[in-house]
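Please look at the structure shown here and ask how each descriptive word is earned.

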Amino acid sequence: MGSGAFALVLALALATCVTPAERKCLLSGSWRSNTGCRMVVSVLGKDGSFSGSYLPGPAAGNSEILTSPLEGSQQDVELVPQPTFSFTVRWRLRGSETAEMTAFLGQCYVGTNGEETLHALWLLREATDSPAEDWKATRFGTSFFTRIK
C-alpha cells in the first residue's frame, strides 16, 4: 500500500474515532425549542458574539409577538467543544411599545449520535409601573433546542 493510501486509511480511522465531546457545537443556524419557538443565529463572530432572530411558537399563546432580535455570545469552541452561551431577546409586539426582554443562559451539547442540543435557563422580565408590582414582573423556565435540518 502506497503512502497516500495509508494516509487516507489513517485519516478515515481517526475521523470515526472522534467522540461527541471532541465534536464542536456551533450556535449558527436554525433551532427549534421544545415549545415550538424558532431561533435563527445568522451572524457568529470570531470572538463568539452572535446575533439573529427569535420567533415564539404556539405555546407562547400571544399572536401579537413579532419576530424579535437576539444578541449574545458563546465560549470559544476551540477551547471548549461544548460551549456555554448567553443571549437576550428584546421582544417586539404588534402595535405596542411594551418593554419585555428575556435572558437565556445555557450550554450546547453534542450527543453520541452527533446531534446538537441547547439546554437553557431563561428569565423573562416585563416593565412595571411601580416597585409595588415588581413581584409579578419576572418569570423563569427552561428550554431545550434542537437544530433544524
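What follows is a set of questions and answers about the terms used for this protein.

Q: How do you know which parts of the model may be used for local features?
A: This is a predicted model, in which local features need pLDDT of at least 70 and side-chain atom pairs count only at pLDDT 80 or more, while totals for chains, interfaces and linings use all residues. Residues are numbered from 1 along each chain as its sequence is written, and side-chain values use heavy atoms, with hydrogens and water left out.

Q: What makes up the secondary structure of the protein?
A: The protein has one helix and ten strands, and from the N terminus on the elements run α-β-β-β-β-β-β-β-β-β-β. Helices are DSSP runs of H or I with at least four residues, strands are runs of E with at least two, and both are numbered from the N terminus.

Q: Which strands form the closed barrel, and how do they pair?
A: Eight strands, running β1-β2-β3-β5-β6-β8-β9-β10, form a closed barrel with antiparallel pairing. Neighbouring strands of this sheet are turned by 30 degrees against each other on average, direction ignored, where the axes are lines fitted to C-alpha atoms, for helices over the stretch in contact, and angles run from 0 to 180 degrees between N-to-C directions.

Q: Why are β6 and β8 called paired?
A: Two strands pair if DSSP finds at least two bridges between them; seven bridges join strand β6 (residues 84–90) to strand β8 (residues 100–110), so the two count as paired, and they run antiparallel. Val89 stands opposite Thr102 in β8.

Q: Why is Ser51 called partly exposed?
A: Buried means under 20% relative accessible area, exposed means over 50%, and partly exposed lies in between (1.4 Å probe, protein chains only). Ser51, which is found in strand β3 (residues 49–55), has 25% relative accessibility and therefore counts as partly exposed.

Q: What does Ser51 touch?
A: Not counting residues up to four places away in sequence, Ser51 touches Val40, Val41, Ser42, Val43, Leu70 and Glu71, a contact being heavy atoms within 4.5 Å. The C-alpha atoms of Ser51 and Glu71, 20 residues apart along the chain, are separated by 4.3 Å.

Q: Why is Leu123 called partly exposed?
A: Leu123, whose place is in strand β9 (residues 116–126), has a relative accessible area of 46%, which lies between the 20% and 50% limits, so the residue is partly exposed.

Q: How much of the protein counts as buried?
A: Of the 149 residues of the protein, 28% count as buried.
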